[in-house]
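Work through these exercises with the model open. Try each task before you read its solution.

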Amino acid sequence: MHPDVKEIMFSESEIKNKIKELGERISNDYKECESITVVGILKGAVIFMSDLVRSISVPVFFDFMAVSSYSSSTESSGVVRILKDLDKNVESKHVLIVEDIVDTGLTLNYLINNLRNRNVASLKVCTLLDKPSRRKVDVRIDYNGFEIPDEFVVGYGLDFNECYRNLPYIAVLKPEVYRK
Ligand code: IMP
């Protein structure tokens, strides 16, 4: 275990099993569709997305958006900015947003409204983690991996000050690490 980690919340195998389950549900729900355009939200969702798409049997196209709603601290600023937009037009496409975590919901709410305005055939959301106790706006999540308590987590794509994204599990850091 990494020396900064206090406890592991979800192990590699728990994440793997959950992704298999999500992939099966998604494949079944989209089985009549020609393809899905999976929109990964950079950078946190990259690792989740790369595992998730390999458990989906429907043809998948990749695109990415980068938004920023956070400063370098662990608290939301409430401001959402597009840092990178989609490469391709998604009009008439079945779009699946893939997020690492939904916290206040501000980022997702912005993304849903933004993508809905592009005349997509359908729009759904898949997140690995959901922290419902922190919600500031009501957002609909179609596929959720794990509901978690109000704890700041890292690993499996999620960062604290850009660190720990490569941990293969989801973990809570020791309190002294956040105070540094
Ligand atoms: P929201 O707009 O408050 O829902 O925040 C969503 C974004 O905040 C996520 O995509 C993450 O990048 C970041 N975030 C929220 N909670 C955590 C956490 O516990 N660990 C790491 N990043 C988080």
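**Exercise 1.** Sort the residues of the shell around the ligand into nonpolar, polar and charged.

Solution. This is a predicted model. Step one: the shell holds 7 nonpolar residues. Step two: 4 are polar and 6 are charged. Step three: of the 17 residues around the ligand, D100, T104, G105, T107 and V153 come nearest.

**Exercise 2.** Find the polar contacts that E99, K131 and V153 make with the ligand.

Solution. Use a cut-off of 3.5 Å between N or O atoms. Start with E99: an N or O atom of its side chain is 3.2 Å from a ligand oxygen. Go on to K131: here a side-chain N or O atom lies 3.0 Å from an oxygen of the ligand. Finish with V153: a backbone N or O atom sits 2.6 Å from a ligand nitrogen. Now the cover: the ligand alone exposes 490 Å², and the protein buries 91% of that.

**Exercise 3.** Which elements give two or more residues to the shell around the ligand?

Solution. They are β3 (60–70), β5 (94–102) and α3. β5 gives the most, with 4 residues.

**Exercise 4.** Locate the buried residues of helix α3 (residues 106–116).

Solution. List them: T107, L108, L111, I112, N114 and L115. Then look down the axis of α3: these buried residues fall within an arc of 170 degrees, so they line one face of the helix.

**Exercise 5.** In what order do the 3 strands of the open sheet run?

Solution. The order is β1-β9-β8, with antiparallel pairing. β1 (5–10) and β8 (153–154) are the edge strands, each pairing on one side only. Next, count bridges: 4 join β1 to β9 (residues 170–173). V5 has L173 of β9 as its bridge partner.

Conventions. Residues are numbered from 1 along each chain as its sequence is written. This is a predicted model: local features need pLDDT of at least 70, side-chain atom pairs count only at pLDDT 80 or more; totals for chains, interfaces and linings use all residues. Side-chain values use heavy atoms; hydrogens and water are left out. Buried means under 20% relative accessible area, exposed over 50%, partly exposed in between (1.4 Å probe, protein chains only). The arc is that of the directions from the helix axis to the C-beta atoms. Two strands pair if DSSP finds at least two bridges between them. A residue is near a molecule or strand if one of its heavy atoms lies within 4 Å of it. A polar contact is a pair of N or O atoms within 3.5 Å; within protein, one must be able to donate a hydrogen and the other to accept it, and residues adjacent in sequence count only if both atoms are side-chain atoms. Accessible areas come from the Shrake-Rupley method with a 1.4 Å probe; for residues, only the protein chains shown count as cover. Ala, Val, Leu, Ile, Met, Phe, Trp, Tyr, Cys and Pro count as nonpolar, Asp, Glu, Lys and Arg as charged, and the others, Gly among them, as polar.
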